[in-house]
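Student: I would like to learn how to read a structure like this one, feature by feature. Could we begin with empty space inside a protein, and then turn to charged pairs?

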Amino acid sequence: MSLILLALPLVTALLCLIFRERRYLGTISIAGSSLIVVTALILAQRVLFTGSNQKWGQFIFIDALSALIICIVAIVGFMVALYSLAYLAHDIQEGELAENRLKWYYFWFYIFVFTMFCVVVSTNLGIMWVAVEGTTLASALLVGFYDKKGSLEAAWKYIIICTVGIIFALFGTILLHYAAVAVTGEGGGSLDWRTLILVAKQLDPDLLKLAFIFVLVGYGTKVGLAPMHTWLPDAHSQAPTPVSAMLSGVLLNCAFYGIIRFHLILSEALGTQFSANLLLIFGVLSIAVALPFIIFQHDIKRLLAYSSIEHMGIIAAAVGLGSKLALYGAFLHMINHALTKSSLFFIVGNVSQHYRTKKINRIKGVIRAMPLTGPALLIGGFAIAGLPPFNIFLSEFFILSAGFAQGRYIVSSLMIALIALICTGIVYALSNMALGNPPGKVKQGESGRLAVVIVLISLVPIFVLGIYIPPLIQHVLEQVTTVIIGGNR
(Lines give C-alpha, C1' and ligand atoms only; values in the text may rest on other atoms or scores of the structure.)
Protein backbone atom coordinates (compact mmCIF):
# COMPACT_ATOMS: atom_id res chain seq x y z
CA MET A 1 0.00 0.00 0.00
CA SER A 2 2.87 2.39 0.72
CA LEU A 3 4.21 1.96 -2.82
CA ILE A 4 0.73 2.50 -4.26
CA LEU A 5 0.43 5.68 -2.20
CA LEU A 6 3.70 6.97 -3.67
CA ALA A 7 2.83 5.88 -7.20
CA LEU A 8 -0.64 7.45 -7.41
CA PRO A 9 0.42 11.15 -7.39
CA LEU A 10 3.19 10.39 -9.90
CA VAL A 11 0.78 8.62 -12.25
CA THR A 12 -1.77 11.43 -11.89
CA ALA A 13 0.91 14.04 -12.66
CA LEU A 14 2.01 12.20 -15.81
CA LEU A 15 -1.57 11.72 -17.00
CA CYS A 16 -2.11 15.47 -16.64
CA LEU A 17 0.77 16.04 -19.08
CA ILE A 18 -0.49 13.41 -21.53
CA PHE A 19 -4.20 14.38 -21.51
CA ARG A 20 -3.59 18.10 -21.30
CA GLU A 21 -6.93 19.40 -22.53
CA ARG A 22 -8.96 21.22 -19.92
CA ARG A 23 -11.96 18.88 -20.22
CA TYR A 24 -9.77 15.92 -19.19
CA LEU A 25 -7.59 17.59 -16.56
CA GLY A 26 -10.36 18.12 -14.03
CA THR A 27 -11.53 14.52 -14.29
CA ILE A 28 -7.98 13.14 -13.98
CA SER A 29 -7.27 15.37 -10.99
CA ILE A 30 -10.43 14.43 -9.08
CA ALA A 31 -10.01 10.74 -9.88
CA GLY A 32 -6.36 10.81 -8.82
CA SER A 33 -6.96 12.71 -5.59
CA SER A 34 -9.91 10.42 -4.73
CA LEU A 35 -7.75 7.32 -5.13
CA ILE A 36 -5.03 8.97 -3.05
CA VAL A 37 -7.50 9.65 -0.21
CA VAL A 38 -8.85 6.09 -0.27
CA THR A 39 -5.35 4.59 -0.30
CA ALA A 40 -4.19 6.90 2.50
CA LEU A 41 -7.17 5.99 4.69
CA ILE A 42 -6.73 2.25 4.11
CA LEU A 43 -3.04 2.53 4.93
CA ALA A 44 -3.76 4.60 8.05
CA GLN A 45 -6.39 2.10 9.16
CA ARG A 46 -3.85 -0.73 8.97
CA VAL A 47 -1.36 1.24 11.05
CA LEU A 48 -3.67 2.84 13.59
CA PHE A 49 -6.17 0.07 14.23
CA THR A 50 -4.30 -3.19 13.68
CA GLY A 51 -1.13 -2.04 15.42
CA SER A 52 1.09 -3.08 12.53
CA ASN A 53 3.49 -0.45 11.28
CA GLN A 54 3.85 -0.60 7.50
CA LYS A 55 7.31 -1.00 6.00
CA TRP A 56 8.96 -1.81 2.70
CA GLY A 57 12.63 -2.63 2.55
CA GLN A 58 15.04 -0.41 4.45
CA PHE A 59 13.69 2.95 3.35
CA ILE A 60 9.93 3.07 4.00
CA PHE A 61 8.36 2.84 7.44
CA ILE A 62 4.96 4.19 8.46
CA ASP A 63 3.95 4.49 12.10
CA ALA A 64 1.03 6.35 13.70
CA LEU A 65 2.70 9.76 13.36
CA SER A 66 3.41 9.18 9.67
CA ALA A 67 -0.13 7.90 9.11
CA LEU A 68 -1.67 11.01 10.67
CA ILE A 69 0.24 13.39 8.42
CA ILE A 70 -0.40 11.19 5.37
CA CYS A 71 -4.13 11.52 6.05
CA ILE A 72 -3.84 15.30 6.45
CA VAL A 73 -1.95 15.57 3.13
CA ALA A 74 -4.47 13.36 1.32
CA ILE A 75 -7.65 14.93 2.71
CA VAL A 76 -6.56 18.55 2.34
CA GLY A 77 -5.10 17.69 -1.09
CA PHE A 78 -8.46 16.27 -2.18
CA MET A 79 -10.30 19.41 -1.04
CA VAL A 80 -7.73 21.62 -2.78
CA ALA A 81 -8.06 19.59 -6.00
CA LEU A 82 -11.83 20.15 -5.92
CA TYR A 83 -11.48 23.85 -5.17
CA SER A 84 -8.86 24.27 -7.90
CA LEU A 85 -11.47 23.38 -10.54
CA ALA A 86 -13.60 26.40 -9.70
CA TYR A 87 -10.74 28.75 -8.84
CA LEU A 88 -8.71 28.13 -12.00
CA ALA A 89 -11.80 28.20 -14.20
CA HIS A 90 -12.49 31.72 -12.92
CA ASP A 91 -8.87 32.75 -13.55
CA ILE A 92 -9.03 31.45 -17.11
CA GLN A 93 -12.34 33.23 -17.68
CA GLU A 94 -10.90 36.52 -16.41
CA GLY A 95 -7.71 36.19 -18.46
CA GLU A 96 -5.46 35.76 -15.40
CA LEU A 97 -4.29 32.36 -16.61
CA ALA A 98 -3.77 30.86 -20.07
CA GLU A 99 -5.62 27.59 -20.54
CA ASN A 100 -2.57 25.86 -22.00
CA ARG A 101 -0.73 26.32 -18.68
CA LEU A 102 -3.35 24.39 -16.74
CA LYS A 103 -1.58 21.06 -17.28
CA TRP A 104 1.54 22.40 -15.58
CA TYR A 105 -0.44 23.47 -12.53
CA TYR A 106 -1.81 19.98 -12.03
CA PHE A 107 1.51 18.33 -12.87
CA TRP A 108 3.45 20.26 -10.25
CA PHE A 109 0.58 20.02 -7.78
CA TYR A 110 0.76 16.20 -7.77
CA ILE A 111 4.55 16.19 -7.78
CA PHE A 112 4.28 18.40 -4.69
CA VAL A 113 1.94 15.83 -3.08
CA PHE A 114 4.39 13.04 -3.98
CA THR A 115 7.33 14.80 -2.33
CA MET A 116 5.33 15.38 0.86
CA PHE A 117 4.43 11.69 1.04
CA CYS A 118 8.13 10.88 0.58
CA VAL A 119 8.99 13.03 3.61
CA VAL A 120 6.70 11.17 5.99
CA VAL A 121 7.30 7.59 4.81
CA SER A 122 11.11 7.76 4.69
CA THR A 123 12.89 5.94 7.48
CA ASN A 124 16.25 7.24 6.25
CA LEU A 125 16.91 10.78 7.47
CA GLY A 126 19.06 11.52 4.40
CA ILE A 127 16.24 10.58 2.02
CA MET A 128 13.84 12.60 4.15
CA TRP A 129 16.12 15.62 3.73
CA VAL A 130 16.10 15.15 -0.06
CA ALA A 131 12.30 14.89 -0.01
CA VAL A 132 11.95 18.11 2.02
CA GLU A 133 14.12 19.88 -0.56
CA GLY A 134 11.91 18.33 -3.24
CA THR A 135 8.85 19.93 -1.67
CA THR A 136 10.59 23.30 -1.97
CA LEU A 137 11.35 22.92 -5.67
CA ALA A 138 7.90 21.62 -6.59
CA SER A 139 5.97 24.19 -4.57
CA ALA A 140 8.20 27.10 -5.69
CA LEU A 141 7.03 26.53 -9.26
CA LEU A 142 3.45 26.74 -7.99
CA VAL A 143 4.17 29.90 -5.97
CA GLY A 144 5.46 31.61 -9.13
CA PHE A 145 2.77 30.08 -11.32
CA TYR A 146 1.15 33.37 -12.37
CA ASP A 147 4.49 34.41 -13.88
CA LYS A 148 4.16 38.01 -12.66
CA LYS A 149 6.83 40.16 -11.09
CA GLY A 150 5.48 39.77 -7.56
CA SER A 151 4.93 36.02 -7.79
CA LEU A 152 8.34 35.36 -9.36
CA GLU A 153 10.04 37.46 -6.69
CA ALA A 154 8.19 35.54 -3.97
CA ALA A 155 9.15 32.20 -5.56
CA TRP A 156 12.83 33.13 -5.72
CA LYS A 157 12.78 34.40 -2.14
CA TYR A 158 11.12 31.15 -1.10
CA ILE A 159 13.75 29.04 -2.87
CA ILE A 160 16.72 31.04 -1.56
CA ILE A 161 15.64 31.25 2.08
CA CYS A 162 14.41 27.66 2.32
CA THR A 163 17.49 26.32 0.52
CA VAL A 164 19.75 28.15 2.97
CA GLY A 165 17.64 26.72 5.77
CA ILE A 166 17.75 23.22 4.37
CA ILE A 167 21.56 23.42 4.22
CA PHE A 168 21.51 23.90 8.00
CA ALA A 169 19.32 20.80 8.25
CA LEU A 170 21.85 18.94 6.09
CA PHE A 171 24.66 19.92 8.46
CA GLY A 172 22.57 18.61 11.35
CA THR A 173 21.91 15.35 9.52
CA ILE A 174 25.62 14.93 8.74
CA LEU A 175 26.55 15.56 12.39
CA LEU A 176 24.02 12.97 13.51
CA HIS A 177 25.44 10.52 10.95
CA TYR A 178 28.97 11.21 12.24
CA ALA A 179 27.86 10.54 15.82
CA ALA A 180 26.04 7.35 14.78
CA VAL A 181 28.80 5.82 12.62
CA ALA A 182 31.00 5.38 15.67
CA VAL A 183 28.31 3.12 17.13
CA THR A 184 26.56 1.47 14.16
CA GLY A 185 29.38 1.39 11.59
CA GLU A 186 29.07 2.63 8.01
CA GLY A 187 26.50 0.05 6.96
CA GLY A 188 24.63 -0.19 10.24
CA GLY A 189 21.81 2.21 9.61
CA SER A 190 23.51 5.39 10.74
CA LEU A 191 20.70 7.48 9.19
CA ASP A 192 17.79 5.13 9.96
CA TRP A 193 15.75 6.88 12.64
CA ARG A 194 14.48 3.57 14.05
CA THR A 195 18.05 2.33 14.54
CA LEU A 196 19.17 5.68 15.94
CA ILE A 197 16.46 5.61 18.62
CA LEU A 198 17.63 2.15 19.69
CA VAL A 199 21.28 3.21 20.03
CA ALA A 200 20.58 6.82 21.08
CA LYS A 201 22.07 6.49 24.57
CA GLN A 202 25.41 5.46 23.05
CA LEU A 203 25.73 8.56 20.82
CA ASP A 204 27.93 11.57 21.60
CA PRO A 205 25.65 14.01 23.49
CA ASP A 206 27.50 17.13 22.37
CA LEU A 207 27.22 16.17 18.71
CA LEU A 208 23.54 15.38 19.19
CA LYS A 209 22.85 18.80 20.70
CA LEU A 210 24.68 20.58 17.89
CA ALA A 211 22.90 18.44 15.28
CA PHE A 212 19.48 19.30 16.72
CA ILE A 213 20.22 23.03 16.73
CA PHE A 214 21.12 22.89 13.04
CA VAL A 215 18.05 20.79 12.25
CA LEU A 216 15.72 23.04 14.23
CA VAL A 217 16.97 26.12 12.39
CA GLY A 218 16.96 24.30 9.03
CA TYR A 219 13.60 22.58 9.09
CA GLY A 220 12.24 25.39 11.25
CA THR A 221 12.79 27.70 8.28
CA LYS A 222 10.45 25.51 6.25
CA VAL A 223 7.96 25.30 9.13
CA GLY A 224 7.87 29.09 9.34
CA LEU A 225 9.16 29.36 12.91
CA ALA A 226 10.43 32.84 13.76
CA PRO A 227 12.88 34.34 13.01
CA MET A 228 13.31 32.09 9.93
CA HIS A 229 9.78 32.78 8.69
CA THR A 230 10.31 35.64 6.24
CA TRP A 231 9.61 33.66 3.04
CA LEU A 232 6.18 32.54 4.17
CA PRO A 233 4.06 35.73 3.94
CA ASP A 234 5.37 36.53 0.44
CA ALA A 235 4.84 32.99 -0.85
CA HIS A 236 1.31 32.76 0.55
CA SER A 237 0.26 36.14 -0.77
CA GLN A 238 1.52 35.55 -4.33
CA ALA A 239 0.69 31.87 -4.88
CA PRO A 240 -2.65 30.76 -6.33
CA THR A 241 -5.04 30.47 -3.39
CA PRO A 242 -5.37 26.64 -3.60
CA VAL A 243 -1.57 26.42 -3.41
CA SER A 244 -1.59 28.71 -0.37
CA ALA A 245 -4.01 26.27 1.29
CA MET A 246 -1.58 23.42 0.65
CA LEU A 247 1.44 25.37 1.86
CA SER A 248 -0.22 26.43 5.08
CA GLY A 249 -2.39 23.42 5.85
CA VAL A 250 -0.02 20.64 4.81
CA LEU A 251 3.56 21.57 3.92
CA LEU A 252 4.36 23.18 7.27
CA ASN A 253 3.30 19.98 9.04
CA CYS A 254 5.57 17.86 6.83
CA ALA A 255 8.56 20.06 7.68
CA PHE A 256 7.70 19.90 11.37
CA TYR A 257 7.62 16.12 11.07
CA GLY A 258 11.37 16.22 10.36
CA ILE A 259 11.99 18.18 13.56
CA ILE A 260 9.91 15.70 15.57
CA ARG A 261 11.97 12.73 14.36
CA PHE A 262 15.18 14.39 15.54
CA HIS A 263 13.47 15.44 18.76
CA LEU A 264 12.58 11.80 19.49
CA ILE A 265 16.19 10.70 19.01
CA LEU A 266 17.47 13.43 21.33
CA SER A 267 14.79 12.67 23.92
CA GLU A 268 15.85 9.03 23.99
CA ALA A 269 19.53 9.94 24.30
CA LEU A 270 19.51 12.95 26.65
CA GLY A 271 16.01 13.22 28.03
CA THR A 272 13.46 15.70 26.78
CA GLN A 273 14.77 18.87 28.42
CA PHE A 274 17.25 20.18 25.80
CA SER A 275 15.24 19.78 22.59
CA ALA A 276 11.89 20.43 24.31
CA ASN A 277 13.07 23.76 25.75
CA LEU A 278 14.31 24.88 22.33
CA LEU A 279 10.97 23.97 20.76
CA LEU A 280 9.17 25.88 23.50
CA ILE A 281 11.34 28.97 23.01
CA PHE A 282 10.97 29.04 19.23
CA GLY A 283 7.26 28.30 19.53
CA VAL A 284 6.50 31.20 21.86
CA LEU A 285 8.80 33.49 19.83
CA SER A 286 6.86 32.64 16.66
CA ILE A 287 3.56 33.54 18.31
CA ALA A 288 5.02 36.84 19.52
CA VAL A 289 6.53 37.74 16.13
CA ALA A 290 3.23 37.04 14.33
CA LEU A 291 1.29 39.40 16.60
CA PRO A 292 2.22 42.88 15.24
CA PHE A 293 2.09 41.73 11.62
CA ILE A 294 -1.45 40.43 12.10
CA ILE A 295 -2.70 43.52 13.91
CA PHE A 296 -1.30 45.98 11.35
CA GLN A 297 -1.83 43.86 8.23
CA HIS A 298 -3.31 45.25 4.99
CA ASP A 299 -3.25 42.11 2.79
CA ILE A 300 -5.70 39.34 3.71
CA LYS A 301 -3.52 36.48 2.43
CA ARG A 302 -0.48 37.81 4.28
CA LEU A 303 -2.63 37.98 7.42
CA LEU A 304 -3.47 34.29 7.00
CA ALA A 305 0.23 33.56 6.45
CA TYR A 306 1.19 35.20 9.75
CA SER A 307 -1.66 33.27 11.37
CA SER A 308 0.05 30.08 10.16
CA ILE A 309 3.28 31.22 11.82
CA GLU A 310 1.31 31.70 15.05
CA HIS A 311 -0.29 28.26 14.90
CA MET A 312 2.90 26.41 14.04
CA GLY A 313 4.41 28.21 17.03
CA ILE A 314 1.58 26.89 19.20
CA ILE A 315 2.21 23.33 17.96
CA ALA A 316 5.97 23.66 18.56
CA ALA A 317 5.38 25.01 22.07
CA ALA A 318 2.97 22.16 22.81
CA VAL A 319 5.50 19.53 21.72
CA GLY A 320 8.03 21.39 23.85
CA LEU A 321 5.75 21.08 26.88
CA GLY A 322 5.86 17.36 26.23
CA SER A 323 3.16 16.03 28.57
CA LYS A 324 0.56 13.58 27.30
CA LEU A 325 -2.16 16.23 27.35
CA ALA A 326 0.07 18.78 25.60
CA LEU A 327 0.98 16.29 22.86
CA TYR A 328 -2.66 15.28 22.45
CA GLY A 329 -3.50 18.97 22.04
CA ALA A 330 -0.57 19.55 19.68
CA PHE A 331 -1.66 16.94 17.15
CA LEU A 332 -5.32 17.82 17.51
CA HIS A 333 -4.22 21.38 16.76
CA MET A 334 -2.31 20.13 13.72
CA ILE A 335 -5.54 18.58 12.39
CA ASN A 336 -7.64 21.60 13.32
CA HIS A 337 -5.27 24.12 11.78
CA ALA A 338 -4.98 22.15 8.53
CA LEU A 339 -8.76 21.93 8.13
CA THR A 340 -9.56 25.48 9.28
CA LYS A 341 -6.78 27.28 7.42
CA SER A 342 -7.47 25.48 4.12
CA SER A 343 -11.17 26.31 4.47
CA LEU A 344 -10.38 29.95 5.21
CA PHE A 345 -8.10 30.17 2.18
CA PHE A 346 -10.96 28.83 0.02
CA ILE A 347 -13.22 31.53 1.44
CA VAL A 348 -10.63 34.27 0.92
CA GLY A 349 -10.00 32.99 -2.60
CA ASN A 350 -13.67 33.44 -3.45
CA VAL A 351 -13.72 36.91 -1.91
CA SER A 352 -10.51 38.13 -3.56
CA GLN A 353 -11.68 36.92 -6.98
CA HIS A 354 -15.07 38.58 -6.50
CA TYR A 355 -13.62 41.91 -5.30
CA ARG A 356 -10.52 41.69 -7.54
CA THR A 357 -8.23 42.62 -4.66
CA LYS A 358 -6.50 41.17 -1.59
CA LYS A 359 -6.35 44.51 0.23
CA ILE A 360 -8.34 44.40 3.45
CA ASN A 361 -9.38 48.06 3.32
CA ARG A 362 -10.87 47.59 -0.17
CA ILE A 363 -13.07 44.65 0.82
CA LYS A 364 -16.26 45.71 2.58
CA GLY A 365 -19.75 44.28 2.97
CA VAL A 366 -18.97 40.70 1.95
CA ILE A 367 -22.10 39.46 3.72
CA ARG A 368 -24.26 41.68 1.53
CA ALA A 369 -22.35 41.11 -1.68
CA MET A 370 -21.89 37.34 -1.18
CA PRO A 371 -24.74 35.99 1.02
CA LEU A 372 -23.14 32.56 1.58
CA THR A 373 -19.43 33.33 1.49
CA GLY A 374 -19.84 36.37 3.76
CA PRO A 375 -21.09 34.45 6.83
CA ALA A 376 -18.53 31.75 6.06
CA LEU A 377 -15.79 34.41 6.22
CA LEU A 378 -16.89 35.39 9.72
CA ILE A 379 -17.13 31.76 10.85
CA GLY A 380 -13.71 30.92 9.44
CA GLY A 381 -12.24 34.05 11.01
CA PHE A 382 -13.71 33.29 14.43
CA ALA A 383 -12.46 29.71 14.16
CA ILE A 384 -8.86 30.52 13.17
CA ALA A 385 -8.76 33.21 15.87
CA GLY A 386 -9.48 30.52 18.47
CA LEU A 387 -12.96 31.54 19.60
CA PRO A 388 -15.42 28.98 20.99
CA PRO A 389 -17.26 26.86 19.99
CA PHE A 390 -14.90 26.14 17.08
CA ASN A 391 -12.20 23.49 16.80
CA ILE A 392 -9.09 25.67 17.24
CA PHE A 393 -10.36 26.83 20.65
CA LEU A 394 -10.57 23.25 21.92
CA SER A 395 -7.03 22.24 20.96
CA GLU A 396 -5.61 25.51 22.30
CA PHE A 397 -7.51 24.88 25.55
CA PHE A 398 -5.87 21.45 25.90
CA ILE A 399 -2.40 22.86 25.25
CA LEU A 400 -2.71 25.76 27.67
CA SER A 401 -4.29 23.51 30.32
CA ALA A 402 -1.30 21.21 30.00
CA GLY A 403 1.04 24.14 30.48
CA PHE A 404 -0.65 25.24 33.70
CA ALA A 405 -0.87 21.64 34.93
CA GLN A 406 2.93 21.38 34.55
CA GLY A 407 3.47 24.55 36.54
CA ARG A 408 4.63 26.53 33.49
CA TYR A 409 2.64 29.56 34.62
CA ILE A 410 4.74 32.28 33.00
CA VAL A 411 4.95 30.58 29.60
CA SER A 412 1.27 29.62 29.61
CA SER A 413 0.14 33.09 30.69
CA LEU A 414 2.32 34.70 28.00
CA MET A 415 0.82 32.39 25.37
CA ILE A 416 -2.71 33.26 26.48
CA ALA A 417 -1.98 36.98 26.26
CA LEU A 418 -0.40 36.71 22.81
CA ILE A 419 -3.17 34.45 21.46
CA ALA A 420 -5.85 36.81 22.83
CA LEU A 421 -4.26 39.83 21.13
CA ILE A 422 -3.90 37.93 17.84
CA CYS A 423 -7.53 36.86 18.14
CA THR A 424 -8.54 40.51 18.45
CA GLY A 425 -6.55 41.47 15.36
CA ILE A 426 -7.98 38.70 13.19
CA VAL A 427 -11.58 39.27 14.27
CA TYR A 428 -11.24 43.03 13.74
CA ALA A 429 -9.83 42.63 10.21
CA LEU A 430 -12.30 40.00 9.03
CA SER A 431 -15.28 41.73 10.64
CA ASN A 432 -14.43 44.91 8.75
CA MET A 433 -14.37 42.90 5.55
CA ALA A 434 -17.62 41.05 6.21
CA LEU A 435 -19.72 43.93 7.54
CA GLY A 436 -20.72 47.29 6.09
CA ASN A 437 -21.72 48.20 2.55
CA PRO A 438 -19.88 46.78 -0.46
CA PRO A 439 -18.36 49.22 -2.99
CA GLY A 440 -20.75 50.16 -5.77
CA LYS A 441 -18.70 48.46 -8.49
CA VAL A 442 -18.90 45.06 -6.77
CA LYS A 443 -21.63 42.84 -8.19
CA GLN A 444 -24.11 41.09 -5.92
CA GLY A 445 -24.23 37.30 -5.69
CA GLU A 446 -21.80 34.39 -5.53
CA SER A 447 -19.18 33.96 -8.24
CA GLY A 448 -19.35 30.18 -8.64
CA ARG A 449 -21.60 27.44 -7.30
CA LEU A 450 -18.89 24.77 -6.99
CA ALA A 451 -16.57 27.07 -5.04
CA VAL A 452 -19.36 27.94 -2.59
CA VAL A 453 -20.32 24.28 -2.09
CA ILE A 454 -16.71 23.37 -1.29
CA VAL A 455 -16.48 26.24 1.19
CA LEU A 456 -19.66 25.18 2.98
CA ILE A 457 -18.57 21.53 3.16
CA SER A 458 -15.14 22.51 4.49
CA LEU A 459 -16.80 24.37 7.39
CA VAL A 460 -18.47 21.22 8.75
CA PRO A 461 -15.45 19.77 10.62
CA ILE A 462 -14.71 23.22 12.06
CA PHE A 463 -18.06 23.04 13.89
CA VAL A 464 -17.97 19.34 14.74
CA LEU A 465 -14.45 19.22 16.17
CA GLY A 466 -15.19 22.27 18.28
CA ILE A 467 -17.82 20.49 20.38
CA TYR A 468 -17.12 16.79 19.87
CA ILE A 469 -14.04 14.72 19.15
CA PRO A 470 -15.17 11.45 17.53
CA PRO A 471 -13.76 8.24 19.05
CA LEU A 472 -11.98 7.58 15.75
CA ILE A 473 -9.94 10.79 16.03
CA GLN A 474 -9.38 10.25 19.75
CA HIS A 475 -7.87 6.85 18.97
CA VAL A 476 -5.62 8.34 16.29
CA LEU A 477 -4.38 11.05 18.65
CA GLU A 478 -3.72 8.54 21.42
CA GLN A 479 -1.69 6.38 19.04
CA VAL A 480 0.38 9.36 17.87
CA THR A 481 0.93 10.52 21.45
CA THR A 482 2.15 7.04 22.34
CA VAL A 483 4.75 7.24 19.56
CA ILE A 484 6.04 10.58 20.84
CA ILE A 485 6.29 9.63 24.52
CA GLY A 486 8.12 6.44 23.66
CA GLY A 487 5.62 3.66 24.21
CA ASN A 488 5.72 2.48 20.61
CA ARG A 489 9.39 2.84 19.67
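Tutor: A cavity is found on a 1 Å grid over the protein atoms alone, as a set of points where a 1.4 Å probe fits but cannot get out, and lining residues have an atom within 4 Å of a point. Grid points are joined across faces, edges and corners, and a volume is the space filled by probe spheres set on the points. Please keep in mind that this is a predicted model, in which local features need pLDDT of at least 70 and side-chain atom pairs count only at pLDDT 80 or more, while totals for chains, interfaces and linings use all residues. Residues are numbered from 1 along each chain as its sequence is written, and side-chain values use heavy atoms, with hydrogens and water left out.

Student: What volume does the largest cavity have, and which residues line it?

Tutor: Rolling a probe the size of a water molecule over the atoms shows where empty space is left. Here the largest cavity has a volume of about 40 Å³, and its lining is made by Ser33, Ile36, Val73, Ala74, Gly77, Phe78, Phe109, Tyr110 and Val113. Helix 2 (22-50), helix 3 (64-93) and helix 4 (102-121) are the elements that give two or more residues to this lining, and helix 3 provides the largest share, four residues. Helices are DSSP runs of H or I with at least four residues, numbered from the N terminus.

Student: How many salt bridges does the structure hold, and how is one recognised?

Tutor: Side chains of opposite charge can pair when their charged atoms come close. A salt bridge is counted when a side-chain nitrogen of Lys or Arg is within 4 Å of a carboxyl oxygen of Asp or Glu, and the structure holds eight of them. In one of these, the side chains of Arg356 and Glu94 meet at 2.6 Å, N to O. Arg356 lies in the loop between helix 13 and helix 14 (366-369), and Glu94 in the loop between helix 3 and helix 4, so the pair ties together parts that are 262 residues apart in sequence.

Student: Is Arg356 buried or exposed?

Tutor: Buried means under 20% relative accessible area, exposed over 50%, and partly exposed in between, with a 1.4 Å probe and protein chains only. Arg356 is exposed, with a relative accessible area of 64%, whereas Glu94, at 32%, counts as partly exposed. Helix 13 (residues 324-355), which Arg356 follows, has 29 of its 32 residues buried, so helix 13 is largely enclosed by the rest of the structure.

Note on methods. On a 1 Å grid over the protein atoms alone, a cavity is a set of points where a 1.4 Å probe fits but cannot get out, and a pocket is an open set with protein on both sides within 12 Å along at least five of seven lines; lining residues have an atom within 4 Å of a point. The expected span of a helix is 1.5 Å times one less than its number of residues.
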